[in-house]
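Work through the exercises below with the sequence and the model at hand. Try each task before reading its solution.

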Amino acid sequence: MTLEQEVKLAAKHAYQKAYKEACEKFDKKTEKAYEKGYKEACEKFDKKAEKFYKKAEIEKVMVVKKAAEEKLESARKLKESGVSVEIISKCTGLSLEEVEAL
């Protein structure tokens with residue numbers, strides 16, 4: 001092998017080694033950036049999910065409260081109309097004491 005060929009071969013090996021090291025460093029940096037981005041995305045998702053969950057819970061409570069208020073209002077109107085306490089209790093699911101207290 002001539003000196004020129006040896007120099008070209010050494011240069012080729014040096015280039016390949018440097019390229020491989022650069023790729024490994026790039027892969028590690030890319031992996032770290034990906035993990036960081038993934039973690040941040042998960043945290044943001046968790047915060048949004050928590051907000052939606054809380055909002056849904058509040059809406060659920062409001063719906064239940066409104067239904068209870070409507071039930072009481074219906075029972076009140078039935079009582080004012082002269083319907084017996086027993087029938088109102090049976091139809092609304094309210095206790096006799098609750099209906100009598102209206």
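**Exercise 1.** Decide whether Tyr34 and Tyr38 are buried or exposed, then describe their ring pair.

*Solution.*
- Start with exposure. Tyr34 is exposed, and Tyr38 is exposed as well. In this predicted model, exposed means over 50% relative accessible area.
- Next, the rings. Their centres lie 6.2 Å apart and their planes meet at 20 degrees, so Tyr34 and Tyr38 are stacked. The cut-off for stacking is planes under 30 degrees apart.
- Now place them. Both residues sit in helix α1, four residues apart, or about one turn of the helix.

**Exercise 2.** How many aromatic pairs does the structure hold? Analyse the pair formed by Tyr15 and Tyr19.

*Solution.*
- The count is two aromatic pairs.
- For Tyr15 and Tyr19, the ring centres are 6.2 Å apart and the planes are at 20 degrees, so this pair is stacked.
- Tyr15 and Tyr19 are separated by about one helical turn because they are four residues apart in helix α1.
- Both Tyr15 and Tyr19 are exposed.

**Exercise 3.** Check the span of helix α1 against its residue count.

*Solution.*
- Helix α1 covers residues 3-80, which is 78 residues.
- At 1.5 Å a residue, the expected span is 116 Å. The expectation uses one less than the number of residues.
- The end C-alpha atoms are 113 Å apart, which agrees.
- Look just past the helix: Gly82 has a positive phi of about 95 degrees.

**Exercise 4.** Which residues form the largest nonpolar core, and what do Val85 and Ser89 touch?

*Solution.*
- The core has five residues: Ala75, Val85, Ile88, Leu94 and Val99.
- Take Val85. Beyond its neighbours within four places in sequence, Val85 contacts Leu96, Val99 and Glu100.
- Take Ser89, in helix α2 (residues 85-92). Its relative accessible area is 14%, so Ser89 is buried; the cut-off is under 20%.
- Not counting residues up to four places away in sequence, Ser89 touches Leu94, Ser95, Leu96 and Val99.

**Exercise 5.** Compare the overall dimensions of the protein with those of a compact globule.

*Solution.*
- List the elements. There are three helices and zero strands, in the order α-α-α from the N terminus.
- Compare the radius of gyration. A compact globule of 102 residues would have a value near 13 Å; the protein has 37 Å.
- Check the box. Along the principal axes, the C-alpha atoms fill roughly 115 × 15 × 15 Å.
- Finish with the surface. Buried residues make up 7% of the 102 residues. The protein exposes about 9,300 Å², with 61% supplied by carbon and sulfur atoms.

Conventions: Residues numbered from 1 in each chain as written. Predicted model: local features only at pLDDT ≥ 70, side-chain atom pairs only at ≥ 80, totals over all residues. Heavy atoms only, no water. Helix = DSSP H or I, 4+ residues; strand = E, 2+ residues; numbered from the N terminus. Phe/Tyr/Trp six-rings, centres within 6.5 Å; stacked < 30°, edge-to-face > 60°. Buried < 20%, exposed > 50% of the residue type's maximum accessible area, 1.4 Å probe, protein only. Core = buried A, V, L, I, M, F, W, Y, C linked by side-chain atoms within 4.5 Å. Contact = heavy atoms within 4.5 Å. Rg over C-alpha atoms; globule rule 2.2 N^0.38 Å. Areas by Shrake-Rupley, 256 points an atom, 1.4 Å probe, with all protein chains shown as cover.
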